[in-house]
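Visitor: I'd like a quick tour of this one. Could you put it up so we can talk it through?

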Amino acid sequence: LKPWWGMEAVGVLGLVLLFSTASGVYLWWPRGGVRFWRATVQVPRRPRQRLYLGLHNVIGFWSAVVLVVVAYSGVAMIFPGLTRA
């Protein structure tokens, strides 16, 4: 084992996080005529189960934005060859 294998583990986990976030946003993506920006901020009030699902979707989307930035910057620091042209 290399003495600094932790850096590679962080890079690989960053790639896994990017894939997981991208798949979550793909599955969430609004379909059927729903406007994109409305789906990112609007939460239905009733019934309660729809409220919880709406909160899950809105919070999940906005935290995905933060996760992509954090994961990409980690991958870029560990594997600079993957992110440079």
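What follows is a short chat about a helix, two pockets and some aromatic rings.

Visitor: Before we dig in, what kind of model is this?
Guide: Keep this in mind for everything below. The model is predicted.

Visitor: What span does helix α1 reach from its first C-alpha to its last?
Guide: α1 covers residues 5–28, so 24 residues in total, at a rise of 1.5 Å a residue. That gives an expected 34 Å, and the helix comes close to it. The span in the model is 35 Å.

Visitor: Which residues of α1 are buried?
Guide: The cut-off for buried is under 20% relative accessible area. What covers the buried residues of α1 includes α2 (36–41) and α3 (48–78). The buried ones are G11, G14, T21 and W28.

Visitor: Which element gives the most to the lining of the largest pocket?
Guide: That pocket holds about 320 Å³ of space. The elements giving two or more residues to its lining are α2 and α3. With 5 residues, the top contributor is α3.

Visitor: How many charged residues are in the lining of the largest pocket?
Guide: Lining residues include R38, Q42, R50 and N57, along with W28, P30 and L53. Sorted by class, the lining has 7 nonpolar and 3 polar residues, and the charged ones number 2.

Visitor: And in the second largest pocket, how many polar residues are in the lining?
Guide: This pocket has about 180 Å³ of space, and among its lining residues are S20, T21, H56, N57 and S63. The elements that give two or more residues here are α1 and α3. By class there are no charged residues and 5 nonpolar ones, while the polar count is 7.

Visitor: On to the rings: why is the pair of F36 and W37 edge-to-face?
Guide: Planes over 60 degrees apart count as edge-to-face. The ring centres of F36 and W37 lie 4.9 Å apart, and the pair is edge-to-face because the planes are at 75 degrees.

Visitor: How far apart in sequence are the parts tied together by F36 and F61?
Guide: These two rings also pair edge-to-face, 5.7 Å centre to centre with 85 degrees between the planes. F36 lies in helix α2 and F61 in helix α3, so the pair ties together parts separated in sequence by 25 residues.

Visitor: Is F61 buried or exposed?
Guide: Its partner F36 is partly exposed, at 23% relative accessible area. F61 has a relative accessibility of 11%, and the limit for that class is under 20%, so F61 counts as buried.

Notes
Residues numbered from 1 in each chain as written. Predicted model: local features only at pLDDT ≥ 70, side-chain atom pairs only at ≥ 80, totals over all residues. Heavy atoms only, no water. Helix = DSSP H or I, 4+ residues; strand = E, 2+ residues; numbered from the N terminus. Buried < 20%, exposed > 50% of the residue type's maximum accessible area, 1.4 Å probe, protein only. Contact = heavy atoms within 4.5 Å. 1 Å grid on protein atoms, 1.4 Å probe; cavity = no way out; pocket = protein on both sides within 12 Å on 5 of 7 lines; lining within 4 Å. Points joined across faces, edges and corners; volume = space filled by probe spheres on them. Nonpolar A, V, L, I, M, F, W, Y, C, P; charged D, E, K, R; others polar. Phe/Tyr/Trp six-rings, centres within 6.5 Å; stacked < 30°, edge-to-face > 60°.
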